[in-house]
Amino acid sequence: MIRRNKPQALYLHVPFCASVCSYCDFARTVYTKDNTDAWLNAAETELHQKEINPDLKTIYLGGGTPVCLSEEQLERLLTLIDPYRSSVKEYTCEINPEVMTETKVRLLKDHGVNRVSIGFQTHDPALLKKLGRRHTAEDVFETVKLFRKYGIDNISLDLMYSLPGQTMDSLQQSVETAVRMDVTHLSLYSLTIEENSVFGKTGVSNLDEETEADMYEWICQTLPQYGYEQYEISNFAKDGKQSMHNRVYWEYEDFYGISCGASGKEGNVRYDKPRRLKDYLNDPMQREETVLSKEDERFEAVMMNLRLKEGMSRSRFEKRFGLSFEEAFRNKYEPLAAKGWLEIRDDLIRCTSEGYEVLNSVLSELL
Ligand code: SF4
């Protein structure tokens with residue numbers, strides 16, 4: 001039976017970038033004024049035709065590069081979203097430093113954006129070049145300063161590790177550079193070589209697994225010393241400034257996915273919007289739906305919640321699915337607890353530190 005809820009979170013995908021990074025396999029295309037104007041028309045149609053909950057709590061503009069739009073186009077996009085932001089607590093926009101202008105920062109501020117996530121990746125100019133990034137660490141510093149000037153100080157930086165040719169020393173310098181910017185949030189992702197990326201097509205490979213694991217361990221040990229508490233596998237926050245929007249995904253709540261390349265979940269229906277811009281322009285309402293079974297939902301809820309360091313609330317799970325975690329995963333919890341990978345503490349079920357390091361194995365045993 002199909003059950004559709006009204007999400008309180010909205011993700012809107014802007015599928016344009018000024019250029020294409022070597023590791024990227026996201027749904028994106030190179031920016032031109034004309035294709036962006038056509039996309040804005042389609043996004044307007046989709047937003048108007050979809051009955052969006054007026055009581056949204058989070059909005060996330062991702063991509064792609066939302067800020068590669070011209071100032072006029074960015075203003076049009078932000079104005080399209082204005083009707084949905086009256087109750088919003090966290091409104092995030094992804095930022096690429098090389099296309100920022102002061103006017104764009106002011107527009108974001110004027111339209112209610114109160115959090116930005118800036119692509120930093122690494123301090124190393126040679127590595128940035130290899131990644132196809134067109135900015136420097138200095139550009140990131142300047143961008144952070146500019147947002148602070150306009151009062152947007154809830155700032156996250158994205159960093160990458162396990163980059164081809166990256167050394168532990170280089171990673172450490174990158175993290176130290178990021179820490180010096182004193183932002184509220186850091187996300188650190190290991191490079192995945194996607195088949196369809198430039199790296200994938202040209203045979204570039206990651207660092208070996210052992211070095212990658214050493215890097216991850218160093219990150220997890222070091223960031224708390226600077227006040228960044230790890231709250232998810234790849235995410236660290238200062239002063240409780242966790243990403244409210246991303247927590248919606250990890251807590252397996254519902255969210256709208258708007259525009260090509262986006263995915264959404266409304267009740268037990270998960271959907272993907274077309275990846276190709278052309279298909280989206282032909283029919284902005286088109287989407288491919290998957291109706292999730294109760295078992296799918298239970299497993300996915302556990303899979304997402306266990307990414308959080310605090311784990312999952314058992315009472316919430318029981319309320320949501322009408323049976324306890326122990327009943328749903330009969331005979332699966334005990335062997336994982338015996339291995340020292342999962343533990344129950346009061347209402348929470350969570351990975352131990354050892355379990356967190358082998359989360360994929362924990363999940364495959366639960367499945
Ligand atoms: S990584 Fe981000 S900025 Fe680079 S091409 Fe992909 S979507 Fe665009």
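Between which strand and which helix does the loop that holds Gly64 lie? The legends below describe a predicted model, and the first view answers this.

**Figure 1. The cis peptide at Gly63 and Gly64.**
Gly64 sits in the loop that runs between strand E4 (58-63) and H2. The peptide bond joining Gly63 and Gly64 is cis. Its omega is about 20°. Helix H2, at one end of this loop, covers residues 71-81 and is taken up again in Figure 3.

**Figure 2. The chain as a whole, for orientation.**
The chain contains 16 helices and 17 strands. Its radius of gyration is 21 Å, close to the 21 Å given by the globule rule for 367 residues, so the chain is as compact as a globular protein of that length. Along the principal axes, the C-alpha atoms fill a box of roughly 55 × 50 × 40 Å. Of the 367 residues, 52% are buried. Among contacts with a separation of 6 or more, 70% are between residues 24 or more positions apart.

**Figure 3. Packing of helix H2 with helix H3.**
Two packed helices are described by the angle between their axes and the distance between the axes. For H2 (residues 71-81) and H3 (residues 102-110), the axes come within 10 Å and cross at roughly 10°. Angles under 35 degrees count as roughly parallel, and H2 is therefore roughly parallel to H3. On the H2 side, the contact is made by Glu71, Leu74, Glu75 and Leu78. On the H3 side, Thr103, Lys104, Leu107 and Leu108 take part. Sorted by class, the H2 contact with H3 has four nonpolar, one polar and three charged residues.

**Figure 4. Packing of helix H6 with helix H8.**
Helix H6 spans residues 168-180 and helix H8 spans residues 209-222. Their axes come within 11 Å and cross at roughly 30°. H6 and H8 are therefore roughly parallel to each other. The crossing in which H6 passes H8 is right-handed. Met168, Leu171, Gln172 and Val175 from H6 meet Asp214, Met215, Trp218 and Ile219 from H8. By class, this contact of H6 with H8 has six nonpolar, one polar and one charged residues.

**Figure 5. Ser162 in the loop before H6.**
The loop between E7 and H6 holds Ser162. Is Ser162 buried or exposed? Ser162 has a relative accessible area of 0%, so it counts as buried. Apart from neighbours within four places in sequence, its contacts are Ser190, Leu191, Asn206, Leu207, Glu212 and Met215. Met215 is also one of the H8 residues that H6 meets. The C-alpha atoms of Ser162 and Leu348 are separated by 32 Å, with their positions 186 residues apart along the chain.

**Figure 6. Gly151 in the loop before E7.**
Gly151 is placed in the loop between helix H5 (137-149) and strand E7 (155-161). Its relative accessible area is 43%, and Gly151 is therefore partly exposed. How far apart in space are the C-alpha atoms of Gly151 and Asn114? They are 8.4 Å apart, while in sequence Gly151 and Asn114 are 37 residues apart.

**Figure 7. Ser259 in the loop between E11 and E12.**
Ser259 lies between strand E11 (256-258) and strand E12 (263-266), in the loop that links the two. With a relative accessible area of 0%, Ser259 is buried. Which residues does Ser259 contact, leaving aside its neighbours within four places in sequence? They are His13, Pro15, Trp39, Glu46, Lys273 and Tyr280.

**Figure 8. Positive phi at Tyr252.**
Tyr252 is a residue other than glycine with a positive phi, near 60°. Its place is the loop between helix H9 (244-250) and E11. E11 is also one of the strands beside the loop of Ser259. The relative accessibility of Tyr252 is 4%. Buried means under 20% relative accessible area, so Tyr252 counts as buried.

**Figure 9. Positive phi at Asp346.**
Asp346 is also other than glycine, and its phi is positive, near 55°. The loop that holds Asp346 lies between strand E16 (342-345) and strand E17 (348-351). Is Asp346 buried or exposed? Its relative accessible area of 73% makes Asp346 exposed, whereas Tyr252 in Figure 8 is buried.

Note on methods. Residues are numbered from 1 along each chain as its sequence is written. This is a predicted model: local features need pLDDT of at least 70, side-chain atom pairs count only at pLDDT 80 or more; totals for chains, interfaces and linings use all residues. Side-chain values use heavy atoms; hydrogens and water are left out. Axes are lines fitted to C-alpha atoms, for helices over the stretch in contact, and angles run from 0 to 180 degrees between N-to-C directions. Helices (H or I, at least four residues) and strands (E, at least two) are DSSP runs, numbered from the N terminus. Angles under 35 degrees count as roughly parallel, over 145 as roughly antiparallel, 65 to 115 as roughly perpendicular and the rest as oblique. A crossing is left-handed if the near helix is turned anticlockwise from the far one by less than a right angle, and right-handed if clockwise. Contact means heavy atoms within 4.5 Å. Ala, Val, Leu, Ile, Met, Phe, Trp, Tyr, Cys and Pro count as nonpolar, Asp, Glu, Lys and Arg as charged, and the others, Gly among them, as polar. The radius of gyration is taken over C-alpha atoms; the globule rule is 2.2 Å times the number of residues to the power 0.38. Buried means under 20% relative accessible area, exposed over 50%, partly exposed in between (1.4 Å probe, protein chains only).
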